[in-house]
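I opened my notebook on a two-chain model today and wanted to look at how the chains meet and how one sheet is put together. Here is what I looked up, in the order I did it.

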Amino acid sequence: MEIDPFIFRLSIFILSIFVGYYVVWSVTPSLHTPLMSVTNAISSVIIVGAIIAALAGSSERIFSTSNMFGFLAIILAAVNIFGGFLVTQRMLQMYKKKKK
Amino acid sequence: MSANLSAFFYLISGILFILALRGLSSPETSRRGNYFGIAGMAISILVTFLSVGNFGPGFIYVLIFLLIGGSVGAFIAFKIPMTAMPELVAGFHSLVGLAAVFVAISAFLNPDAFNLGTVANIKLASLIEMSLGAAIGAITFSGSIIAFLKLRGIMSGSPITFKGQHLINLVLGLTIIFLIFYLCLSQSSNIFWSIVIISFLVGVLLIIPIGGADMPVVISMLNSYSGWAAAGIGFTLENSALIITGALVGSSGAILSYIMCKGMNRSFFNVILGGWGANEQSTTLESKEQKPVKNGNADDAAFLMKNASSVIIVPGYGMAVAQAQHALREMVDALKKNGVKVSYAIHPVAGRMPGHMNVLLAEANVPYDEVFELEEINNDFANCDVAYVIGANDVTNPVAKSDPQSPIYGMPVLDVEKSKSVLFVKRSLSPGYAGIDNDLFYRDNTLMLFADAKKMTEEIVKSL
């Protein structure tokens, strides 16, 4: 019997939770705020779904209802991607070691 | 691009995202980590364009919308003051949540585009995944909006509670599960919309009973939700980059909530079910008898610190409110010139989000190797001459160690009272967030400095 591809995705999901668990515990507490802003930025990879949604259907009707939701999602996700990575960068730039 | 090839590239993005988080294990590697994250995102977006392969007029619009959103995001990222980080993060969470809802709606309206079947005949598994993604996304959205309003001060930070609150949440939660079940049977779009609307409502109801100082838990929790929403959508779209990211973000937020709860010695449910401030206030008023406090001014403080050999600074949310971090750094510089050894002690729940104080100190050019976590520095208070408490309160209260009746009993606190003298900058004697009196105010070795944190620190700099 063939294995349902869903099972593979579930395996990826569960293994990733474990990876996340160990990686996040190794994050130093002083970088918890950048951790939040960067997780926020990477969760905006949901833009992948938004792009598929926006470009679906025939080219005569670019703005069908389902496409519109795609376009809106693109804007929201883009705010997050650029905002999230840049503000993380800005914060990380400030962390400096003692000058000897 | 073939489906297999693009799946492979999505896997690479997922790995780059893991490396982005891994980089945060130390400030040195963190900047490189962030570039990994950016690369992962760029790969995901490019691969999606290539695998959709539609470069018609719609593509131009996609680029335009991407640029609009991107410029708004970049503008915010450069303009936002560091003290506003908590509300910025809450705001960003709401956007992820709403984007998840929109993608789910779009997939529901046009399942063909995602290979999920046809309208009113969507694959069962996909239907469950997309409605879960939409529900969690909607909860994340409205919950984050409430958190944002509370952090921004537009909405009062005090908990809003009413009778039967938890019952209503429970009923609404069960309704969502029932509706998802019913959606699978009927494929009706009305049911789908009802799920989305009820979830928006649940998000609001879930966050309103939680008070201002519990916000570190709330923000971490919403962070976690935004991850689970992304994972739900990832399952719908059969996209491994989204599934991996969702799992990473979900567990990251969960761990942060756990750390925050532990920092307050409270269970997660105790925080989520609401309000310290609400029921504890009555006890405050009773115990409020007049006790003598020692009152000092900037000159006294400057004299004490100048003649100390070591000083530990304990910052809290009040420092963020008063924007006193730069003045504080100047004070420390002046002390260092006098040969005083200075370090900073950060309690896990100081501020309004995890790591809030560390970012503010970094902004004021405080080197991160002078800043210590509770466990690292707590033993040093006994050997330190002066502890300078600026804007912190409950996290220094020795009652947490001595009085089992106290609501904060058992919470890990900084052993500030063990230092030879304590300088406590505060505007008045009012109790902190937990609504209890701080025993520290009345100790013999405590000198109260009644003033705004920033003004007082500046005055101390002058008299140094």
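**Entry 1: charges across the interface.** I began with salt bridges, and the count between chain A and chain B is 1. I keep in mind that this is a predicted model. Which side chains meet in that salt bridge? I found Glu238(B) and Arg9(A), with 3.5 Å from N to O.

**Entry 2: polar contacts.** Next I looked up polar contacts between the two chains, and 18 residue pairs came out, with both residues at pLDDT 80 or more. I then asked which elements of chain A give two or more residues to the side that touches chain B. The list reads helix H1 (5-25), helix H2 (32-43), helix H3 (47-55) and helix H4 (65-94) of chain A. H4(A) gives the most, with 27 residues. Sorted by class, I have 50 nonpolar, 22 polar and 5 charged residues on that side of chain A.

**Entry 3: extent of the interface.** I noted that 77 residues of chain A are in contact with 103 residues of chain B. How much area is buried between the two chains? My note says about 8,300 Å², and carbon and sulfur atoms give 78% of it. On the chain A side, Met36(A), Ile46(A) and Leu55(A) lose the most area to chain B, together 9% of what that side buries.

**Entry 4: a sheet in chain B.** I turned to chain B and found an open sheet of 6 strands, with parallel pairing and the order S5-S4-S3-S6-S7-S8. Why is one side of S5 and of S8 left without a neighbour in the sheet? Strand S5 (371-373) and strand S8 (446-450) of chain B stand at the edges and each has a single partner strand, so one side of each stays free of a neighbour there. I also wrote down the turn between neighbouring strands of this sheet, which is 25 degrees on average, direction ignored.

**Entry 5: one edge in detail.** I followed the S8(B) edge: strand S7 (residues 421-426) of chain B pairs with S8(B) in the parallel sense over 5 bridges. In this region Val422(B) stands opposite Thr446(B) in S8(B).

**Entry 6: helices across the sheet.** Last, I checked two helices that lie across strands of chain B. Helix H15 (residues 356-363) of chain B lies across strand S3 (310-315), strand S4 (341-346) and S5, and runs at about 145 degrees to S4(B). Helix H18 (residues 453-463) of chain B lies across strand S6 (386-390), S7 and S8, running at about 145 degrees to S6(B).

Technical notes
Residues are numbered from 1 along each chain as its sequence is written. Chains are lettered from A and ligands numbered from 1 in the order in which they are written. This is a predicted model: local features need pLDDT of at least 70, side-chain atom pairs count only at pLDDT 80 or more; totals for chains, interfaces and linings use all residues. Side-chain values use heavy atoms; hydrogens and water are left out. Two strands pair if DSSP finds at least two bridges between them. Helices (H or I, at least four residues) and strands (E, at least two) are DSSP runs, numbered from the N terminus. Axes are lines fitted to C-alpha atoms, for helices over the stretch in contact, and angles run from 0 to 180 degrees between N-to-C directions. Contact means heavy atoms within 4.5 Å. Buried area is the accessible area (1.4 Å probe) that two parts lose on being put together, summed over both. A salt bridge is a side-chain nitrogen of Lys or Arg within 4 Å of a carboxyl oxygen of Asp or Glu. A polar contact is a pair of N or O atoms within 3.5 Å; within protein, one must be able to donate a hydrogen and the other to accept it, and residues adjacent in sequence count only if both atoms are side-chain atoms. Ala, Val, Leu, Ile, Met, Phe, Trp, Tyr, Cys and Pro count as nonpolar, Asp, Glu, Lys and Arg as charged, and the others, Gly among them, as polar.
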